[in-house]
Amino acid sequence: MLAHVVATFATLSAQQPNQGARQFISVSDSVVALTNVRVIDGTGAAARDGQTIVMKGGVIQAVGVSGQVTVPAGARTMDLAGRTVMPGYVMLHEHLFYPAGGGAIYNEQGYSFPRLYLAGGVTTMRTAGNMAGYADLNIKKAIDDGTMVGPTVDVTAPYLEGPGLPIPQVKALRDAADARKMVNYWADEGATSFKAYMHITRAELGAAAQEAHKRGLKITGHLCSVTFREAAALGIDDLEHGFVTSSDFVPDKKPDECPAGNAVQRSIASLDVNSAGVRDLIAELVRRRVAITSTLTIFETFTASQPSAPTKALDALLPEARRQYEQRRAAIAQSADTTWNVLLRKEMQLEKIFAEAGGLLVVGTDPTGFGGVVAGYSNQRALELLVQAGFSPLDAIRIATLNGAKYLGRDSKIGTIAVGKQADLVVVRGDPSARIEDVENVEIVFKRGIGYDSAKIFESVKGRVGLH
Ligand SMILES: [Zn+2]
C-alpha cells in the first residue's frame, strides 16, 4: 500500500508540477470583497443579510453591512446576492483512508480525499486515525506547500492499540513503555495528535496521554477496553463516536478488556438516557473538559431507517466500491435487526444532552464502515444529521466550525467569521440557517483567502474513491 501511495505522489508531481492546486483556484486576488451576502458567523448568532466581507492577504479585514464597509480600491469585488458565507468547517474525524473491502485493509485515498474534504467545505481537519503512517504526514506537507489540494491537516499518529484488532496495518502495543515510545516517535516525525483504540489498557492510555500532554499535544480515543470514566481520569481529551462506544454501562465489565460480541451496543440500546448513571458520566466528562466527537454519518449507514448515500457521493466511487456499498446497503435495508435504528436515536439524544450540559461537542464523519461515508459529501451530511438530532441549523454550524477550532486550540485564528481571522470561508447558494440542506450547494471554498472551485474539484475525482 505504501508503494501505491508513493506511486500516486510520483504520478502527481510528474504530471502536474505545481499544478495540483492551481487548476482548481477560481479566486487568487490578494484583496477580495464579497458583497451582498448572508453571513453565518459560526458563533451560533443569527444569520445577517446584506453583508460585505473584505479579505486581504488571506485574512478577514472587515465584515459589516454592505455600503457601510469600505471596499479598498483595486479589490476584486464579487456580488454574491443569494449566497450565504460560513466559516470553513473544522472537522475532527476525517481519515485519509477508506475500506477496501474484505474488512481487513484500508486503502489510503491520498489523491481523492483531501480534494473532497476541501470541496465539501472543510478547511481544517484532524485525521483521528492513521493507517498509512508517513503518507498522512507527507500529504499534509504537500497541501501546505500548495502542490496538493486539501484542508489544513492535524495529522493523528498511527493508532495506539493493544492486541486483538484484526487489521494488519495496526501495531499492537506491548506495554506502557511501548506506548510512550510510540507517542514520542510520531510526535518527532510531525504527528500533532493521537488516537487510542479499542484494546488499549489503562496503563498504556495513561502513559500515552502523559507523553502527548508533555508535548502540548492532544489524545482522543475510540475506546472499549477502557471506559469513558476511566479515560477521563487518565487525561483523555476527546472521545470519538459519542456514547455508542462507551463501555461504562456494560454489566460486570472486566478492567482493560473490551466486552465480547455486541455487549457494548446492547448496553447502550437499553440505556435510559435520562438515568442518574448517564447524568453522572456526562457531568464527569464536562467537569474534566473531555470533548465528544459526533460521527452520526457512519452510524447512519448501519441503519435501515436512514436514507442511502446520495447518488452524487456514489458517483465518486470506483465501480467496484460502489457495488460493494450497494450490496451491503440492500442487505441492511431488508434486515429485521433494528438495533442500529435505536442506537442512532439514542446517540442523537445523548449528544444533545451532553451539549446542553456544557460539554464541548465537535463533529467528524469517519469514512469507514462499508463505504457509505464519502469525504466531502459526508461533511455536509454531518451538519444535516446534527439538525436531525435536534440542534438548530445555527448550532449545527457552530459545532462544525467554532467548536472544532476551540478543541484544536486554534479559535483565535479560525472557526468564525471575524476581523483578524484567517479567511477560511464556505460560499453556498441558499440559506442553511433556514434549510440546512443548502450546505450541499457549495460554490467556492476559501482557504486563507484563496478561492477554490468546489464543483470542479468534485468533478476531478469522480469514480476514483476506493482506488486513489
Ligand atoms: Zn474512525
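Student: What radius of gyration would a compact globule with 468 residues have, and what does the protein chain have?

Tutor: The radius of gyration is taken over C-alpha atoms, and the globule rule is 2.2 Å times the number of residues to the power 0.38. With 468 residues, that puts a compact globule near 23 Å; the protein chain has 21 Å, which agrees. Its C-alpha atoms fill a box of roughly 70 × 50 × 50 Å along the principal axes.

Student: What kind of model is this?

Tutor: This is a predicted model: local features need pLDDT of at least 70, side-chain atom pairs count only at pLDDT 80 or more, and totals for chains, interfaces and linings use all residues. Residues are numbered from 1 along each chain as its sequence is written, and side-chain values use heavy atoms, with hydrogens and water left out.

Student: How many helices and strands are there in the protein chain?

Tutor: Helices (H or I, at least four residues) and strands (E, at least two) are DSSP runs, numbered from the N terminus. Here there are 16 helices and 19 strands.

Student: What percentage of the residues count as buried?

Tutor: Buried means under 20% relative accessible area, exposed over 50%, and partly exposed in between (1.4 Å probe, protein chains only). Of the 468 residues, 57% count as buried.

Student: Which strands form the open sheet, and in what order?

Tutor: Two strands pair if DSSP finds at least two bridges between them. Five strands make this open sheet, in the order 12-13-14-15-16, with parallel pairing. Strand 12 (193-196) and strand 16 are the edges, each pairing on one side only. Axes are lines fitted to C-alpha atoms, with angles from 0 to 180 degrees between N-to-C directions. The twist averages 30° from one strand to the next.

Student: How many bridges link strand 15 and strand 16?

Tutor: Strand 15 (residues 291-294) pairs with strand 16 over three bridges, in the parallel sense. Look for S294 opposite V363 in strand 16.

Student: Is L239 buried or exposed?

Tutor: L239 counts as buried, because its relative accessibility is 0%. Find L239 in strand 14 (residues 238-240).

Student: Which residues is L239 in contact with?

Tutor: Contact means heavy atoms within 4.5 Å. Leaving aside neighbours within four places in sequence, the contacts of L239 include T220, F228, L285 and I292. The C-alpha atoms of L239 and L361 are separated by 9.9 Å, with the two residues 122 apart along the chain.

Student: Which strands does strand 2 pair with?

Tutor: Strand 2 and strand 3 (residues 48-56) are antiparallel, over six bridges. There, L34 has I53 as its bridge partner. Strand 5 (residues 76-79) runs parallel to strand 2, joined by four bridges. T35 stands opposite D79 in that strand. Strand 6 (residues 83-87) is also parallel to strand 2, over two bridges. V39 stands opposite V85 there. Strand 2 (residues 31-39) is mostly covered, with eight of its nine residues buried.

Student: Which protein donors does the zinc ion have?

Tutor: Donors are N, O and S atoms within 2.8 Å of the metal (3.2 Å for Na, K and Ca); water is not among the atoms, so sites may look incomplete. For this zinc ion they are H93 (NE2), H95 (NE2) and D366 (OD), at 2.1 to 2.3 Å. H93 lies in the loop between strand 7 (89-91) and strand 8 (97-99), and D366 in the loop between strand 16 (361-363) and helix 14 (377-388), so the pair ties together parts that are 273 residues apart in sequence. Both H93 and D366 are buried.
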